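Okay, thanks for making room for me today. I'd like to walk you through one structure, so let me put it up on the screen.

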Amino acid sequence: MGSFNIHPDFQNEFSYATSPLDPEEFRRQGHMVIDYLADYYQNIEKYPVRSQVEPNHLKSHLPDSAPYNPEPIENILRDLQKHIIPGLTHWQSPSHFALFPCATSTAGFLGEVLSTGFNVVGFNWISSPAATELENIVMDWFGKLLKLPGSFLFSGGGGGVLQGTTCEAMLSTLAAARDQMLRKIGRNNIGKLVVYLSDQTHFSFQKAAQIAGINPSNFRVISTTKDDEFSLCPNSVRSAIIADVEGGLVPLYLCATVGTTLSTAVDPLGPICNIAEEYDMWVHVDAAYAGSACICPEFRHFLDGVEGANSFSLNAHKWFFSSLDCCCLWVKDPSALIKALSTKPEILRNQATDSKQVVDYKDWQISLSRRFRALKLWLVLRSYGVVNLQKFIRGHVNMAEHFEQLVAMNKRFEIVVPRKFSLVCFRISPSAMNQNCKILSTEEDVNLINQKLVESLNASGHVYMTHGVIGGIYFIRFAIGGPLTDYRHVDMAWTLIKDHADALLKAF
C-alpha cells in the first residue's frame, strides 16, 4: 500500500502529545488513514478473502506489553499492514460470499466517521437533542419506505430505535413482553412463560431468552419441513401452544423470521400473528437480512401480515450499506419497552424528560450509553436516495439469479432450496457422485464431498463461502451483497467451484 515516512516532529522521542486531540495533527493523520483505506478498497482483491493465518498468529509479531513512549502513526500503519491485515477476513471483498453481507458504503463509512468524531453519548434527549430527534426522524423515514403500518411509527403512536444487533432487539422486546405478562399473572410465575421459535430461527434468540430469564425447558423449537420450504407451519404453532396451555403454562412470545439464516425461508406472518393474538402473545419479526430488500415493491409482500406483530427489526448493516453496527427496531407500544427497561436516577433528571415530550432512548435498550448511529443511516438515505438503494439491492438479486441459473444448467449440481433474495443454496448432486462411483453413494458421501468442496474453495483464498445443513442435507451458501461485487466476481467464483468440484469428483 505504499511506504510511510516519519513526520519530522517525530524524529526525536515522538513526544508531540501535548493534547490527545490536536486539530492539525488530527487532520494530518486523518488524511493518512483515509488514503490508507481508499488504497485498501482499491487493492482488496489482492488479499485472500478468508484469513489464512493459524491461531495465535499475532502473539509472535506483537510485544508482550504496551509501549511506554508514543509511536508515530507511520509506524503503526506499517505494522497494521504487515501484521494485522494478514489476520483479517475481508468482508468487503467482492468475492466474500459467506454468511450474510455486512455491506458498508462511502456514505455509511463517512457517517460513522462523523458519529465517532462528535462522540456524543445520546442516552437521553438532553444529552444531545439532535441525536435523539434525528433517530426519531430516520426511523420514521425507513419505516415508511418499508410500508410498515402507521402503528410502528412515531407519527402513529409507535416508534423506532437503533440498536447494535438483532440479539439486543430480541432481548429488549423479550423483556418488554415478559414484564407485561408478569404484571398480569404475577412475577412468581416467570417459570411458566413459554417462547416459540422454529428450528430455523437465529440461534441468538435462545441466548436472548435465557438472559431474559426464560426457563430453557420452555423453549418450544418447532420443526419445519421441505414441503413448507422450511417456514413455520401455523398448525404446528397452534398445536404447540394448545399443549402448553393445557399443561398450565403461559405462551409469551413468538419469534417469526423473514429470511432465515440458513436458507432465507419466510414465515407466514399473517396466520402466525392471528394465532398469537388469540393467546395474548407478543410476536417479534426478525428480518435481519431480508428486511432491507422490502423497500423494493416486488419484495414487500414478504412482510404481509406484519401489522399483527408487536415488533419488527432488521439490520441496516447487513444489506442497507450502513456499516456495523446498525440494527433497526420498531415497536407498536414503546411504553412496554420503557416500563421494562427504564431507569430514573436523580443525576439524569431534567425538565425535558419530566415534560414527557421527548424520547429518552436509554429506556428503549439494554445499555445506558449509546452511539449516534442515526447519523450514518441519515447519510445513507440522503446520499443514495431510495432509487439507488433499490438499484443496489436489485443488482445483488439479479446476480444471485444469474448464479442460480449457472448452477441449474450444470447437471453435477443442484439447487437445495428455492431462492428468494440474493442467497443461493446449492450442492454437488447425488447423481454427479453416482456417475463417478462404481457403487451408489450414500447421503453421507454426498455431504462429505460438499464439505470438502467448501473447505477447498476457502483454502484457496480466492473466495469465501459458508455451509448449512437443512433436512440432513449439507449444502453451500452463496450470499451476494458486497458493495464491490459484480458479475465478473460471480462468474470467477463459479469457474472456481466447477474446477474444485471436478478435482474432488475425480478423486472420490
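Let's go straight to a salt bridge: the side chains of K184 and D280 meet, with 2.5 Å from N to O. This is a predicted model, by the way, so take every value I quote as computed. The K184 and D280 pair links distant parts of the chain, 96 residues apart. K184 sits in helix 5, while D280 is in the loop between helix 8, residues 269–278, and strand 5. Are these two buried or exposed? K184 counts as exposed because its relative accessible area is 52%, and the cut-off for that word is over 50%. D280, at 44%, is partly exposed.

Now a second pair. E74 and R28 also meet through their side chains in a salt bridge, at 3.0 Å from N to O. E74 belongs to helix 2, residues 73–84, and R28 to helix 1, residues 23–42, so this pair ties together parts that are 46 residues apart in sequence. Here E74 is buried, and R28 is buried as well.

How many salt bridges are there? The count comes to 23. As a general reminder, side chains of opposite charge can pair when their charged atoms come close.

One of those bridges takes us to K362. Its side chain meets that of D363 in a salt bridge, 2.8 Å from N to O, and both K362 and D363 are buried. Some of the salt bridges share partners, too: E112, D325, R371, R373 and K376 are joined that way into one network.

Let me stay on K362 for a moment. Where is it? K362 lies in the loop between helix 11, residues 351–355, and helix 12, residues 374–408. Its relative accessible area is 7%, so K362 counts as buried. What surrounds K362? Leaving aside residues up to four places away in sequence, K362 touches F123, L341, T343, L348, S367 and L368. T343 gives us a polar contact as well: its backbone oxygen lies 2.4 Å from a polar atom of the K362 side chain.

Okay, on to the sheet. There's an open sheet of 7 strands, in the order 1-7-6-5-4-2-3, with mixed pairing. Why do strand 1, residues 159–163, and strand 3, residues 219–222, each have one side left without a neighbour in the sheet? Because they stand at the edges, each with a single partner strand. On average, neighbouring strands of this sheet are turned by 20° against each other, ignoring direction.

Inside that sheet, strand 2, residues 193–198, pairs with strand 4, residues 250–257, in the parallel sense over 4 bridges. If you want a spot to click on, V195 has Y253 in strand 4 as its bridge partner.

Helices pack here too. Helix 6, residues 204–211, packs on the sheet and touches strand 2, strand 3 and strand 4. The direction of helix 6 makes about 175° with that of strand 2. And remember helix 5, where K184 sits? Helix 5 covers residues 166–185 and lies across strands 1, 2, 4, 5, 6 and 7. Against strand 4, helix 5 runs at about 155°.

A few backbone oddities next. In general, most residues other than glycine have a negative phi, and most peptide bonds are trans. Which residues does the cis peptide bond join? It joins L324 and D325, with omega at about 0°. D325 is in the loop between helix 9, residues 316–319, and strand 7, and D325 is also one of the residues in that salt-bridge network.

Then there's positive phi. L99 has a phi near 50°, and L99 is placed in the loop between helix 2 and helix 3. L99 is partly exposed, at 37% relative accessible area. F230 has a phi near 65° and lies in the loop between strand 3 and helix 7, residues 234–246. F230, at 7%, is buried.

Last bit, the whole chain. The protein chain has 15 helices and 11 strands. Its radius of gyration is 25 Å, close to the 23 Å that the globule rule gives for 508 residues, so the chain is as compact as a globular protein of that length. Of those 508 residues, 52% count as buried. And among contacts between residues at least 6 apart in sequence, 74% join residues at least 24 apart.

How values were computed: Residues are numbered from 1 along each chain as its sequence is written. This is a predicted model: local features need pLDDT of at least 70, side-chain atom pairs count only at pLDDT 80 or more; totals for chains, interfaces and linings use all residues. Side-chain values use heavy atoms; hydrogens and water are left out. Two strands pair if DSSP finds at least two bridges between them. Helices (H or I, at least four residues) and strands (E, at least two) are DSSP runs, numbered from the N terminus. Axes are lines fitted to C-alpha atoms, for helices over the stretch in contact, and angles run from 0 to 180 degrees between N-to-C directions. Contact means heavy atoms within 4.5 Å. Buried means under 20% relative accessible area, exposed over 50%, partly exposed in between (1.4 Å probe, protein chains only). A polar contact is a pair of N or O atoms within 3.5 Å; within protein, one must be able to donate a hydrogen and the other to accept it, and residues adjacent in sequence count only if both atoms are side-chain atoms. A salt bridge is a side-chain nitrogen of Lys or Arg within 4 Å of a carboxyl oxygen of Asp or Glu. The radius of gyration is taken over C-alpha atoms; the globule rule is 2.2 Å times the number of residues to the power 0.38.
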